[in-house]
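User: Please take one part of this model and go through it closely. I am new to it, so keep the sentences short.

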Amino acid sequence: MLPERLQQKRALEILHDLGNYLMSVEGHLTILASVLPEGQPRRSVQKKLFYAKQAIAMLKDYRNTISRYEEVSLADFQALADELRTNFNHIETLIPKTQRDTSDAVRKEMRSVHTALWHATELSLRIVSPTPVSTAGHHLVKVNEIVKTTLALVEETAQASSVACYLSLPATKLHLVSGNRTDLSRVLMNLFLNAIQAMPQGGKLSIKAQNAKATASESPISQSWVRISITDTGPGMIASLQDKIFLDNFSTKGSLRGMGLPIARCIVEAHRGSIQLTSAPQKGTTFLVSLPARPPRSRRLKKT
């Protein structure tokens, strides 16, 4: 059992990321309601939107309570988890009905709702016994799919800020990575949102993923790596800020936002990877995530 204050800190981290996914659910449901024709499907989506807003309001209440160092019991965490999953179930019932629609726009939005809801449900299961990252459930995952689906979750937020998103994936398949799908999505979600927030007047967000060979310091862990770079065209950071950016609760934006980058680093390091920052004033910022990978198995040559 974690000490009480540490348990509440971990819970706040989980609620932070849960909020990111629920905001995505709300955004994509809002778009869905605008593209559906008048009638029962639109009314159904609007009802699901109510449940999403209700879940977001609950999260904000708990986050505010914990951030004020008020005591939150294990029973309170359990009650929150139960209430959230009830709301998630109400939203989930929409998906099979709407997937019958033949519109590409509807299917695209519903895929994003489903993805965000899946990750939110996974995180809600950790509220009662909060840990920094999942200690179980690591398996071989396709990083390119996690990158694409997570980017789709923030597209609406990026468009609202006039940020254009560009994704570059290699022609050959990325190596598989051993990890937790939700936790790796959390890393990217926090880095994508951090980049978008750094460009309130608009800009360009570039994501590139590629296979790479290990450096000298990385080779004891694995000879093959996957590297993901996230680059924005924001104002950049001076050196003194770069030294603090991964510290708990440090933020240049105020409020409770100074949690995303420490969470991202914690998760990446739990996957035996690293996260590096390159930035300069007026030259934007790049985060480079490196994860140990499993290269494709080589075919054995037949003896002749």
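Analyst: The expected span of a helix is 1.5 Å times one less than its number of residues. The model is predicted, so local features need pLDDT of at least 70, side-chain atom pairs need 80 or more, and totals for chains, interfaces and linings use all residues. Residues count from 1 along each chain as its sequence is written, and side-chain values use heavy atoms, without hydrogens or water.

Start with helix α5, residues 104-124 (helices are DSSP runs of H or I, at least four residues; strands are runs of E, at least two; numbering starts at the N terminus). Its 21 residues should span 30 Å, and the end C-alpha atoms are 30 Å apart, which agrees. Buried residues of α5 include V106, E109, M110, H119 and L123 (buried: under 20% relative accessible area, exposed: over 50%, partly exposed in between; 1.4 Å probe, protein chains only).

Now go to the loop between α5 and β1 (139-141), where R126 lies. R126 forms a salt bridge with D183, at 2.9 Å from N to O (a Lys or Arg side-chain nitrogen within 4 Å of an Asp or Glu carboxyl oxygen). D183 belongs to helix α7 (residues 181-197), so the pair ties together parts that are 57 residues apart in sequence. R126 counts as buried at 8% relative accessibility. D183 is buried too, at 0%.

D183 has a second partner, R186, at 2.8 Å from N to O. Both lie in α7, three residues apart, about one turn of the helix. Both are buried.

Elsewhere, E218 and R227 form a salt bridge, with their closest N and O atoms 2.8 Å apart. Shared partners join D17, E122, R126, D183 and R186 into one network of salt bridges. The count comes to nine salt bridges.
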